Amino acid sequence: MKENRAQFATKIGVVAVTVGSAVGLGNIWRFPFEAGSNGGGAFLLVNLLFVFLIGVPVICAEFIIGRHTGANVRAAFRQLAPGQKWGFVGYIGILASVLILSFYSVVAGWTMEYIVRSFTGFGGTGRSLEGEFDAFASSGWRPVMWTLLFLLCNYWILARGVEKGIERMANIMMPALFLLLLVFCINSLTLPEAGKGLRFLFYPDFSKLTAKGVLNAMGQAFFSLSLGLGGLITYSSYFKRHTPLMKTAALTAALDSLVAIMAGVIIFPAVFSFGQQPAAGPKLVFEVLPAIFGSMTGGAVWSVLFFVLLFLASLTSTVSMSEISIAYLTEEMHMGRRGATRLNIGVAMVLGTVCALSFGCLGHLTVGGLTVFGLFDYLASNILLPVGGMLISFFAGHRLERSVLDSELLSSSRRPGRLEVLAVRLIVVSLKWIAPACIFVVFLFGLGLF
Ligand code: PHE
């Protein structure tokens with residue numbers, strides 16, 4: 001079966017699609033608002049700890065499982081642990097990916113609206129923008145239309161298959177996005193309250209971080225790395241034998257964190273300079289960015305460029321979410337690729353519409369203070385992904401033969417150096433003990449069970 005499946009054409013392609021899946025709204029939209037609501041610097045520090053202590057090893061675990069079996073999530077577990085129930089990790093992943101796809105498409109839809117508004121002009125700078133976003137998001141049909149349109153774009157790419165659609169796009173747009181963010185960082189550093197913003201982002205004030213904030217920081221790490229739902233198992237099943245897994249994992253984590261930090265460097269100086277609130281929630285970035293562009297020369301051009309690239313970055317992420325269900329439906333349920341894609345996108349269209357409306361007419365529909373949009377995000381990011389990650393790391397650490405871990409992690413080097421051997425050891429220890437235990441403890445406290 002392995003031979004018949006598509007493979008990514010180049011080495012750069014491998015890193016680019018993995019980073020393409022990781023980098024998206026999670027870094028540029030979700031990170032700033034989570035950091036802004038959870039005390040800034042302390043949140044960043046704890047988030048980075050999770051990324052490197054748990055994230056990198058669990059990425060490796062997904063890579064190992066995926067490449068070793070060359071199969072979708074359920075088939076992979078069936079192959080590695082026949083007759084056991086591990087395959088349900090695949091269902092957790094499918095559920096999480098559908099929930100995420102639904103609310104994510106709403107936000108991606110906002111970026112499409114903002115592409116259009118970049119041409120027609122935003123209301124002005126500073127406070128006057130606050131009402132503008134609310135008015136749009138609660139306006140009913142318009143956000144719904146964008147959500148559906150965004151999902152149609154996904155359908156169009158997905159129906160064309162893995163290699164052509166995803167790889168080509170990721171190779172071009174990721175570097176472009178990076179350069180643009182760099183320009184905006186420099187611009188933000190010249191704003192009057194830049195110091196205040198940087199202090200907020202980088203100075204860890206632990207008195208502002210609650211147990212719930214720590215859970216959010218862990219959820220953010222998993223969300224931003226596209227981790228815990230088997231997506232990387234699916235992706236790495238397309239990897240070649242000599243793709244270096246540890247390097248790819250570390251590079252993905254480093255680049256992903258870098259982009260999130262850059263987003264913070266762009267947003268927070270502006271938040272304080274334009275008198276906005278860091279804890280504004282999901283709308284934060286969509287209120288702050290227009291103010292930034294409004295203050296730049298040639299703002300409209302920057303704005304168009306940025307939102308177009310953000311839109312594309314969202315696409316590379318959502319395509320990887322859909323690929324999880326599609327691989328399952330085509331290979332396990334023997335559906336055609338088109339039919340599987342239709343089913344996946346169709347479900348997301350229904351749920352996405354509900355999410356989009358939860359900023360307007362369905363806003364009163366709440367569970368524990370969360371709207372449907374917030375609930376989907378909370379369930380997926382703070383619960384399903386960490387649970388998935390905990391199971392995956394436990395599985396890799398305790399159920400896989402050590403020789404499989406070694407041979408996959410070291411597959412790229414004929415004679416591994418001391419550093420590589422040490423890295424393998426650290427990863428194995430984290431998979432066996434640190435990651436599962438850490439996730440469990442954060443749950444106990446963050447969910448208020450303890
Ligand atoms: N990591 C992506 C982002 O940061 C979101 C994502 C989550 C993608 C889960 C795939 C799976 O935007």
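What distance in Å should the 29 residues of helix α12 (residues 245-273) span, and how far apart are its end C-alpha atoms? At 1.5 Å a residue, helix α12 should span 42 Å, and its end C-alpha atoms are 42 Å apart, so the two values agree. The model discussed in this report is predicted.

**Helix α12**

Most of helix α12 is covered, with 22 of its 29 residues buried. Just after α12 comes Gly275, which takes a positive phi of about 65 degrees.

**Salt bridges**

Side chains of opposite charge can pair when their charged atoms come close. In this model, the count of salt bridges comes to 13. Three of them are set out below.

| Salt bridge | Closest N to O | Elements |
|---|---|---|
| Arg30 and Asp377 | 2.9 Å | α2 (residues 25-37) and α16 (residues 372-399) |
| Arg117 and Glu113 | 2.7 Å | both in α5 |
| Arg337 and Glu323 | 3.2 Å | α15 (residues 337-357) and α14 |

Arg30 forms its salt bridge with Asp377, the closest N and O atoms being 2.9 Å apart. Because Arg30 belongs to helix α2 and Asp377 to helix α16, this pair ties together parts that are 347 residues apart in sequence. Both Arg30 and Asp377 are buried.

The salt bridge between Arg117 and Glu113 lies within one helix: both residues are in α5, four residues apart, which is about one turn of the helix. Arg117 is buried, as is Glu113. These two residues also belong to a network of salt bridges, in which Glu113, Arg117, Glu132 and Arg142 are linked.

In the third pair, Arg337 and Glu323 have their closest N and O atoms 3.2 Å apart. The pair links distant parts of the chain, with Arg337 in helix α15 and Glu323 in helix α14, 14 residues apart. Are Arg337 and Glu323 buried or partly exposed? Arg337 has a relative accessible area of 26% and is therefore partly exposed. Glu323, by contrast, is buried, with a relative accessible area of 2%.

**Aromatic pairs and charges over rings**

The count of aromatic pairs comes to 32. One of them joins Tyr104 and Phe223 in a tilted arrangement, 6.1 Å centre to centre and with 35 degrees between the planes. Since Tyr104 lies in helix α5 (residues 88-120) and Phe223 in helix α10 (residues 211-224), the pair ties together parts that are 119 residues apart in sequence. Tyr104 is buried because its relative accessible area is 2%, a value under the 20% limit for buried residues. Phe223 is likewise buried, with a relative accessible area of 7%.

A further aromatic pair, between Phe184 and Phe306, is edge-to-face, with 5.6 Å centre to centre and 65 degrees between the planes. This pair links distant parts of the chain, as Phe184 is in helix α8 (residues 162-189) and Phe306 is in helix α14 (residues 299-331), 122 residues apart. Phe184 counts as buried at 1% relative accessibility, and Phe306 counts as buried at 1% relative accessibility.

What sits over the ring of Phe223? The charged end of Arg30 does, 4.8 Å from the ring centre. Arg30 thus takes part in a contact with the ring of Phe223 and in the salt bridge with Asp377. Elsewhere, Arg199 lies over the face of Tyr203, at 4.4 Å from the ring centre.

Helix α2 also holds Gly26. Gly26 is buried, with a relative accessible area of 3%. The C-alpha atoms of Gly26 and Ala221 are separated by 9.2 Å, although the two residues are 195 residues apart along the chain.

**A nonpolar surface patch**

Which residues make the nonpolar surface patch of about 480 Å²? The patch is made by Leu49, Leu53, Val429, Trp433 and Ile434. Two elements, α3 (41-69) and α18 (418-446), each give two or more residues to this patch. The largest share, three residues, comes from α18. Among the patch residues, Leu53 has its place in helix α3. Leu53 is partly exposed, with a relative accessible area of 42%. This value is over the 30% relative accessible area required of patch residues.

How values were computed. Residues numbered from 1 in each chain as written. Predicted model: local features only at pLDDT ≥ 70, side-chain atom pairs only at ≥ 80, totals over all residues. Heavy atoms only, no water. Patch = residues over 30% accessible without salt bridge, like charges linked within 9 Å, V, L, I, M, F, W, Y side chains within 5 Å. Areas by Shrake-Rupley, 256 points an atom, 1.4 Å probe, with all protein chains shown as cover. Salt bridge = Lys/Arg side-chain N within 4 Å of Asp/Glu carboxyl O. Buried < 20%, exposed > 50% of the residue type's maximum accessible area, 1.4 Å probe, protein only. Phe/Tyr/Trp six-rings, centres within 6.5 Å; stacked < 30°, edge-to-face > 60°. Lys NZ or Arg CZ within 6 Å of the ring centre and 35° of its normal. Expected span 1.5 Å × (residues − 1).
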